[in-house]
Amino acid sequence: MKQPILQVVLDTPLDSSFDYLSPSPAGDETAAAIPQAGQLVQLSFGRREVIGMVIGSSEHSDVPVDKLKEIQAVRDQLKPLAPEWLALCRFAANYYQRPLGEVVLPGLPKNLRTLTTVSLDRALKKLSKTDETHDATPIDVPALNASQQQAADAIAGANGFAPILLYGVTGSGKTEVYLQAAAQVLASDTENIESASEAAENPAQILILVPEINLTPQLEGNIRARFPGVMVATLHSGLAEGERLRHWLAAHSGQARIILGTRLAVLASLPHLKLIIIDEEHDPSYKQQEGLRYSARDLAVWRAHQLKIPIVLGSATPSLETWHHAQSGRYRKLELRERAVKNAVLPAVRLIDMERDKPTEGLTSTLVAALKQRLQRGEQSLLFLNRRGYAPVIACDACGWVSNCTRCTSFMVLHKPEHRLRCHHCSLELRIPKSCPTCGNVDLQPLGRGTQRLEEGLKKMFPEARVLRIDADSTRRKGSAQAAFDSVHRGDVDILIGTQMVAKGHDFQKLTLVGILNPDTALFSHDYRASERLFAQLMQVAGRAGRTAQKEGGSPSEVLIQTRYPQHPLYAAVIAHDYDHFATSLLEERQQAHLPPYIFQALLRAEARELETAIEFLQQAATCLAHDGIIIHDPIPMTMTRVANVDRAQLLIECPSRPALQAFLTEWVAALRAMKSRVKWSLEVDPVDI
Ligand SMILES: Nc1ncnc2c1ncn2[C@@H]1O[C@H](COP(=O)(O)OP(=O)(O)OP(=O)(O)O)[C@@H](O)[C@H]1O
Ligand SMILES: [Zn+2]
């Protein structure tokens with residue numbers, strides 16, 4: 001019999017599959033099983049041994065058969081990945097203009113891509129022994145209020161592809177809706193299937209995506225307690241490789257029925273997926289910013305469409321893309337207008353004019369008085385400052401020297417507790433100079449204020465208060481973020497200082513005051529998405545206050561924003577908690593200015609030692625192909641031009657039609673590859689940072 005020819009993809013930048021021969025039977029076999037599409041195989045490629053995935057087979061090859069190599073080993077202990085999964089990868093590869101192999105293989109856990117099968121065999125063995133049920137004391141499940149019930153029923157009752165926006169104000173109990181809808185889906189799946197054995201073989205799976213899993217241990221605990229007897233798998237980059245493989249296999253085998261993960265989980269193998277939930281769907285962390293620059297939200301919607309299942313996008317501040325779909329009726333909108341806890345109300349938002357009430361240690365007297373009141377009453381406060389470090393720069397008054405990074409177009413940030421200057425872009429670290437490097441002046445001054453400096457000032461101002469800072473620096477150790485949030489929930493903290501890490505979905509029960517410091521810079525950014533983001537961020541952080549009813553003798557929940565621009569319309573919308581109106585007017589602006597979601601964009605980035613080289617490459621790229629109907633802008637240096645001694649420039653491409661843009665990009669990428677330029681370039685489809 002002729003050996004079939006297998007097409008295999010590998011993790012290489014070469015945009016093609018490679019032909020290999022099926023392995024010949026071992027001595028004592030008459031015929032070896034032919035590897036199927038979706039199967040992982042080991043083979044030699046050039047001089048290397050690598051892991052690839054079979055994507056198809058054929059009778060013919062353009063390469064003479066005697067030149068073809070045989071596949072060396074088949075990972076047949078692993079069930080092949082399903083055709084639907086391969087189709088998802090194909091879509092992502094086409095849409096984001098990447099070779100299929102660079103989507104398929106990096107999407108799998110590392111331990112599946114190694115040449116030994118030790119960890120795979122170990123993980124499979126461990127999984128086969130795992131009792132599907134985990135011990136959990138079922139917790140009290142709150143009775144849903146009417147709008148929550150309606151939403152949960154609508155989700156669980158949806159048939160076929162059903163994209164749903166769950167638009168609920170902060171604290172409206174969206175999580176409870178997800179969980180009760182999920183419970184209904186898991187239960188009805190078991191009832192509907194006629195034979196019990198079929199149900200046992202194919203129980204429904206539910207994918208829940210969250211922006212950052214380490215920040216939501218509450219949710220994971222809640223899910224485990226809620227679904228005793230159901231295997232829950234988590235998938236995120238914080239897992240050790242062994243664990244990650246085990247969880248991935250649990251999803252792939254169908255044993256895990258609830259999969260809770262960050263953006264990377266959207267590429268998991270989920271053979272019985274019946275419902276997808278994306279919490280905080282507006283969150284920028286759903287966008288992968290390197291390699292395959294995908295939007296997990298968009299891929300999830302595609303997946304739901306492919307499988308004809310419902311998908312829930314939950315947020316108090318939906319992205320404008322999602323809002324646009326809800327307005328046009330493509331997505332169904334379900335609303336939760338009230339906070340879920342009885343008598344809990346949205347906080348009153350007030351602006352403090354910093355021109356009139358001049359801050360000391362970064363705090364206006366109004367905010368200080370409000371903090372004092374909370375301390376006296378034993379309530380918690382949160383100060384939100386989205387800038388980590390002590391001060392963004394240090395400077396010499398005498399000669400004007402500032403702490404520039406020598407490798408980037410940015411400043412070295414002062415990190416006082418660590419006694420270091422750090423560049424947040426290239427990670428360069430230096431000791432803090434004792435005197436000015438140019439004039440020798442010993443009196444170097446920190447300019448501006450980050451979370452560390454705020455913490456120092458607060459401790460001086462309120463020596464009796466328990467102050468805790470949560471930011472990327474204070475939570476570097478594994479588990480430290482969780483420990484920090486636990487101490488806030490226990491009530492061991494009076495004043496919490498935090499960056500955007502503290503704003504994401506936390507259900508702080510004792511918090512009655514939120515102070516927002518320094519949000520103004522984003523008002524005047526040249527990025528057209530800045531105001532959408534700032535608004536969402538302010539609404540989210542404001543939403544951490546007042547999640548329970550006001551106690552007797554307690555303070556009403558309140559949000560104080562320190563600003564120099566109290567007249568700015570964005571703040572007026574925050575005060576009114578008026579997302580609808582704000583989003584609608586932003587959409588109008590976008591439509592008039594021909595910006596997304598009314599136009600589709602792609603961004604070509606180039607990197608070189610010299611800026612001119614990068615720009616030249618982009619100029620060539622702009623003219624290398626006819627482009628009717630495609631708008632190609634002039635190449636420009638990126639705002640932060642130099643990072644780690646590399647200069648960066650970008651070229652924006654736009655088109656009112658997505659298919660036309662896609663068709664152009666496919667041809668264009670081929671032309672760019674053919675240029676064989678030494679400039680490093682990358683293409684991003686639907687870019688979010690321009
Ligand atoms: N039906 C209900 N009755 C009483 N309490 C409820 C009910 N539903 C939810 N809650 C409680 O309301 C609080 C807020 O819920 P949750 O954290 O789910 O809000 P959310 O809509 O996700 O808010 P955010 O957008 O701010 O993350 C939680 O403490 C939750 O336990
Ligand atoms: Zn740097």
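Let me begin with a definition: a residue counts as exposed if 12 or fewer other C-beta atoms lie within 10 Å of its own, as buried if there are 20 or more, and as partly exposed in between. By that cut-off Cys 439 is exposed, because 11 other C-beta atoms lie within 10 Å. I should say at once that what we are looking at is a predicted model, and I will start with the cysteines, move on to two helix pairs, and end with two single residues.

Cys 439 belongs to a group of four, since the UniProt annotation "binding site", from an unreviewed entry, lists Cys 396, Cys 399, Cys 436 and Cys 439. These four span 44 residues in sequence, and yet no two of their C-alpha atoms are more than 8.6 Å apart, so they gather at one spot. Cys 439 itself sits in the loop between β18 and β19, the latter being residues 444–447, while Cys 396 is placed in strand β15. Is Cys 396 buried or exposed? It is buried, because 21 other C-beta atoms are found within 10 Å, whereas Cys 439, as I said, is exposed with 11.

If we set aside residues up to four places away in sequence, Cys 396 touches Trp 401, Cys 436, Cys 439, Asn 441 and Leu 444. Seen from the other side, and with the same kind of neighbours left out, Cys 439 touches Cys 396, Ala 398, Cys 399 and Trp 401. Trp 401 therefore appears in the contact list of Cys 396 and also in that of Cys 439.There is a second group in the record, again under "binding site" in an unreviewed UniProt entry, and it covers Cys 405, Cys 408, Cys 423 and Cys 426. Although they span 22 residues in sequence, no two of their C-alpha atoms are more than 8.8 Å apart, so this group too gathers at one spot. Cys 408 is placed in the loop between β15 (393–396) and β16 (413–415), and Cys 423 in the loop between β17 (420–422) and β18 (429–431). Cys 408 counts as buried, because it has 20 C-beta neighbours inside 10 Å, and Cys 423 is buried as well, with 21 other C-beta atoms within 10 Å.

Which residues does Cys 408 touch, not counting those up to four places away in sequence? They are Cys 423, His 425, Cys 426, Met 640, Arg 642, Val 643 and Ala 644. On the same terms, Cys 423 touches Cys 405, Cys 408, Ser 410, Met 412 and Leu 428.

Let me turn to the helices. Helix α3, residues 118–129, packs against helix α8, residues 241–252, at an angle of about 55°, with the axes 9 Å apart. That angle makes α3 oblique to α8, and α3 passes α8 in a right-handed crossing. On the α3 side we find Ser 119, Ala 123, Leu 124, Lys 126 and Leu 127, and these meet Gly 242, Leu 245, Arg 246, Leu 249 and Ala 250 in α8. By class, this contact has six nonpolar, two polar and two charged residues.

The other pair is helix α1, residues 83–95, with helix α9, residues 296–307, whose axes come within 11 Å and cross at roughly 135°. These two helices are therefore oblique to each other, and α1 passes α9 in a right-handed crossing. Here Glu 84, Ala 87, Leu 88, Phe 91 and Ala 92 in α1 meet Leu 299, Trp 302, Arg 303, Gln 306 and Leu 307 in α9. The residues of this contact divide into seven nonpolar, one polar and two charged.

I will finish with two single residues. Ala 614 is found in helix α17, residues 611–623, and it is buried, with 27 other C-beta atoms within 10 Å. Its C-alpha atom is separated by 9.0 Å from that of Pro 635, which is 21 residues away along the chain. Leaving aside neighbours within four places in sequence, Ala 614 is in contact with Ala 606, Glu 607, Ala 608, Asp 647, Arg 648, Ala 649 and Val 679.

Where does Ser 555 lie? It lies in the loop between α14 (530–542) and β23 (558–563), and it counts as partly exposed, because it has 18 C-beta neighbours inside 10 Å. Ser 555 and Leu 511 are 44 residues apart in sequence and 9.9 Å apart in space, taken from C-alpha to C-alpha. With neighbours within four places in sequence left aside, Ser 555 is in contact with Gln 373, Arg 374, Arg 377, Glu 379 and Thr 512.

Definitions and conventions: Residues are numbered from 1 along each chain as its sequence is written. Chains are lettered from A and ligands numbered from 1 in the order in which they are written. This is a predicted model: local features need pLDDT of at least 70, side-chain atom pairs count only at pLDDT 80 or more; totals for chains, interfaces and linings use all residues. Axes are lines fitted to C-alpha atoms, for helices over the stretch in contact, and angles run from 0 to 180 degrees between N-to-C directions. Helices (H or I, at least four residues) and strands (E, at least two) are DSSP runs, numbered from the N terminus. Angles under 35 degrees count as roughly parallel, over 145 as roughly antiparallel, 65 to 115 as roughly perpendicular and the rest as oblique. A crossing is left-handed if the near helix is turned anticlockwise from the far one by less than a right angle, and right-handed if clockwise. Two residues are in contact if their C-beta atoms, placed from the backbone, lie within 7 Å. Ala, Val, Leu, Ile, Met, Phe, Trp, Tyr, Cys and Pro count as nonpolar, Asp, Glu, Lys and Arg as charged, and the others, Gly among them, as polar. UniProt positions are given in the numbering used here, feature names are shortened, and annotations may be inferred rather than shown by experiment.
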